[in-house]
Amino acid sequence: MTIDITVERKAYFDARGKIILSACPGSGKTTCLVHKLSLLKKECLDTYGKYSGIACLSFTNNAKDEILDKYRKSYSDQLEYPHLVSTLDSFVNTYITLPFFYLLETGCLRPKIAESAEQIDSICKVYYLKDGKQQEAFSPEIRGFITTNGSQLARSYAPSAVWIDAAGRYSFKGTVPKNVADADFQAYGAAIMKIKKKKGLISNLDSAFFALTLLRDIPRIGHLLIQRFPYMLIDEAQDNSDIQHEIFNVLVSLGLSNIEMIGDPYQSLYEWRSAKPALFTAKYTAAGWNGLPLNENRRSVQRIIDCFSIMRTAKDPKINSLGVEDRKLPIIVYKYNDTNPKDILEHFEQKCIDHGLLNCHVVVRGNTLKDKVTGNTTDINPWKTFIPVLILKAIFHFQSGLVRNAINEIRAIVTILEHPKLPYNDRQELLNERKTDSNFNSLLLIFFHQLPATSNSLQDWTTLCLKAFTDKFGVDASEAFTFKQRMDGFTMKDLKKEPVDNYFNKPASKKTNIPITTVHQVKGSTMDAMLCFFDRVSGKESITFKDFNQTTTFPSEKQRIIYVACSRPQHLLAMAFPDSISDDELIQKFGADVLIQSIPVPIISALNP
C-alpha cells in the first residue's frame with residue numbers, strides 16, 4: 001500500500017501509549033488506521049508473542065467491515081487471530097459481560113442481548129385473555145410507579161428507554177424527568193433492571209454497565225483481557241458513552257498501556273443513543289494522553305471546508321484542503337418556497353450533469369421536509385397492513401447502497417409472513433438464528449433482484465410481489481397485501497392504476513436518479529456534489545439557518561448534523577434555505593462569493609454562474 005506520509009500522519013504512526021487522534025472530515029482516517037494496524041501487527045507479535053493481538057473496535061458493523069475490507073485490499077492480507085476487528089458492543093458482550101455475568105450473582109447465568117427496544121418493553125408486560133381477546137398490562141413490579149399527576153411512569157417512560165449510567169443512576173434517554181421524584185424514578189429504573197435480569201434479556205447499554213462492574217470488582221478479568229489484547233484501537237470514539245469511556249479508563253488503570261481513541265467530536269451524531277463526545281474532547285488535552293490532530297482534508301475544496309468550518313470554535317486549528325482538484329464551482333444557495341423545491345432539484349441536477357458530477361445526493365434532516373422536497377406530501381398506505389410499505393422501504397435502502405439495512409428488514413418481513421402467529425420473543429430468537437444462516441441470507445439477496453420494479457402500477461406491483469414471495473419462500477402473503485376498500489381523497493380503482501413511484505421511494509431527480517436521504521445515512525460518505533435542505537421552522541427534528549453558527553464552546557447536535565452534511569462533497573456544495581432569509585443575511589453568513597441562485601429561471605441561463 002502506498003500512502004502519503006505527511007508530518008501529521010507520521011506523528012500518529014510513530015506514536016505509542018495513550019493516544020487521542022482527532023481526525024477532521026476527509027482526513028483519510030480509515031486509511032491511517034489501517035496503516036497503523038499493519039505497523040502494530042508485527043510489533044505485537046515481536047513483543048507479546050503469537051497468542052496476543054490487537055483489538056480494533058468501531059461503532060457500527062459498516063465501519064468494522066470497511067476497516068477489514070480496506071486492510072485486505074491494501075495489504076493482500078487478513079487480520080485474523082489473535083487480532084480482532086469488531087464492534088465495541090460485540091467486544092464488551094463477548095469478552096466481558098457474557099462469559100463472566102454469572103459472577104455478579106444475579107440469578108441469571110447467561111443473559112441474551114436484546115435486538116430491539118420492543119423486546120425489552122415486551123418483557124415488562126403481562127398478557128392475558130379477556131372476552132377471548134389478548135390483553136396486555138405492565139408488570140406488577142413497575143405498575144405502581146406514577147408521575148406527580150398520577151399517571152403510570154411506564155406509559156410516559158418506556159422501559160427500553162430507561163438508561164443506566166456509569167454511576168449506576170437511571171435516566172430517560174439521558175435526562176431525569178421533572179414530573180417524578182428522583183428517588184421514585186431511580187426505584188422505577190431498578191425495578192426494570194430486576195425484570196431484565198430475571199428474564200435474562202438485557203440491552204447493550206446494560207451489558208456495558210455490567211462489564212464495567214465486573215472490571216471494577218474483579219480486576220483479574222481486566223488483567224486477562226489486557227494480556228489477550230495489549231493494543232486497543234477504538235474508532236469513532238466520539239460516539240462512546242460515559243460507560244464505555246469508563247471501561248477503558250479502568251483497563252488503563254489495570255495496566256493497558258497502548259490504547260488509541262480515534263474520531264472527530266464534531267461528527268458525533270448519536271447523543272440520542274448515549275454518546276458523550278465531550279468526554280473524547282476532554283481526553284485530547286488530559287494529562288497522560290497524547291492528543292494528535294489530522295487537519296489535512298483530502299476530500300473537499302477549500303471553499304467547502306471554510307463553509308462547514310463556520311461551526312468550529314475560533315481556537316480550533318484551520319482545516320486545509322490537500323491535493324483536491326478545484327473546479328472553481330462556487331457554493332450555491334437556493335431559496336425555496338412552497339412551490340419551487342422540485343425546480344431547485346432540477347437545477348441542481350442539471351448543474352451536476354454539466355460538470356460531470358456523478359455521485360450526487362440531496363440531504364434533508366427529517367422525513368417531513370423530505371416529502372415536501374420530492375413532492376410526496378401525501379402520506380398514504382393503500383394496503384390493510386404495513387408489510388408492503390416496509391418492503392418498499394427495504395427496496396429503497398437496497399437501491400441506495402444500504403444493503404445490510406435492507407437485508408435485515410426483508411429478513412424480518414419474510415419471518416413474519418412465514419410465522420404470523422409466532423410469539424414476539426420466539427420470532428426474535430428465530431431472527432437471531434437466521435442472521436448467521438448464510439444460505440438464507442444469500443436467498444434474501446437474490447430475492448431483492450426478483451422483486452418487481454416500482455415503475456409498475458400499485459395493482460401490478462402487488463400481484464408480482466405476491467408471486468415472488470410464493471415462488472421464493474412458498475408463502476401466501478395475500479392477506480398482508482390486501483387493498484383497503486376505500487381511502488379518503490382517493491378513488492381506489494384509479495389509485496391502483498398509478499405507478500408505485502408516484503407515492504413511494506421517489507427519487508430526487510428525473511434524469512440521473514439522485515437519491516434523497518437523511519444526514520445520518522450519508523455520514524462517512526464522500527460524494528461529488530450535495531444539496532442540503534434546511535427547515536423553515538426550528539424544532540426538535542429540524543436544522544435551520546440560525547443553527548448554522550459558530551460555537552464558542554462545543555457545537556450542539558444540530559450544528560454537528562450540519563457539519564457532517566456539508567463536509568461530504570468534494571466539488572459542489574449547495575444549500576436550500578427558506579425564502580424568508582434575505583440575501584444580505586446569506587452573504588453575511590457565507591461571504592460575498594456565494595452564488596445566490598434564483599428559482600425559477602430558464603435552465604440554460606443558469607448553468608454557468
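This is a walk through the pockets, salt bridges and surface of a predicted model.

Let us start with the open space in the fold. The second largest pocket encloses a volume of about 450 Å³. Its lining is built from 20 residues, and those lying nearest the centre of the pocket are S22, Y266, T281, Y284 and D316. If you would like to find this pocket by secondary structure, look for strand β1 (18–23) and helix α12 (277–284), each of which supplies at least two residues of the lining. Of the elements around this pocket, α12 gives the most, with three residues. The chemistry of the wall is mixed: 10 of the lining residues of the second largest pocket are nonpolar, six are polar and four are charged.

From the open space we can move to the enclosed space. How many cavities of 30 Å³ or more does the structure hold? There is one, and about 40 Å³ of space lies in this largest cavity. Around it you will find A15, R16, G17, L40, Y231, L233, N258, I259 and E260. Two strands stand out in this lining, since β10 (231–234) and β11 (258–263) each supply at least two residues. The greatest contribution to the lining of the largest cavity comes from β11, with three residues. Sorted by class, the lining of this cavity has five nonpolar, two polar and two charged residues.

Next come the charged side chains. Side chains of opposite charge can pair when their charged atoms come close. In this model the count comes to 27 salt bridges. A few of them are worth visiting one by one.

Take R169 and D182, whose side chains meet in a salt bridge at 2.8 Å, N to O. This pair links distant parts of the chain: R169 sits in the loop between β7 (162–164) and β8 (170–172), D182 belongs to helix α8 (residues 182–199), and the two are 13 residues apart. What about their exposure? R169 counts as partly exposed because its relative accessibility is 36%, and D182 is also partly exposed, with a relative accessible area of 32%.

The bridge between K467 and D471 has another setting. Here the side chains meet at 2.6 Å, N to O. Both residues lie in helix α20 (residues 458–473), and because they are four residues apart, about one helical turn separates K467 from D471. D471 has a relative accessible area of 55%, so it counts as exposed; the cut-off for that class is over 50%.

A third bridge to look at joins R298 and E296, with a distance of 3.7 Å, N to O. R298 is partly exposed, as its relative accessible area is 22%. This pair does not stand alone: D4, E296 and R298 are linked in a network of salt bridges.

Finally, turn the model to its nonpolar surface. Which residues make the nonpolar surface patch of about 330 Å²? They are Y102, L103 and L109. You can place L103 in the loop between α4 (88–100) and β4 (112–113). With 34% relative accessibility, L103 counts as partly exposed, and so it passes the requirement of over 30% that applies to residues in a patch.

Definitions and conventions
Residues numbered from 1 in each chain as written. Predicted model: local features only at pLDDT ≥ 70, side-chain atom pairs only at ≥ 80, totals over all residues. Heavy atoms only, no water. Patch = residues over 30% accessible without salt bridge, like charges linked within 9 Å, V, L, I, M, F, W, Y side chains within 5 Å. Areas by Shrake-Rupley, 256 points an atom, 1.4 Å probe, with all protein chains shown as cover. Salt bridge = Lys/Arg side-chain N within 4 Å of Asp/Glu carboxyl O. Buried < 20%, exposed > 50% of the residue type's maximum accessible area, 1.4 Å probe, protein only. 1 Å grid on protein atoms, 1.4 Å probe; cavity = no way out; pocket = protein on both sides within 12 Å on 5 of 7 lines; lining within 4 Å. Points joined across faces, edges and corners; volume = space filled by probe spheres on them. Nonpolar A, V, L, I, M, F, W, Y, C, P; charged D, E, K, R; others polar.
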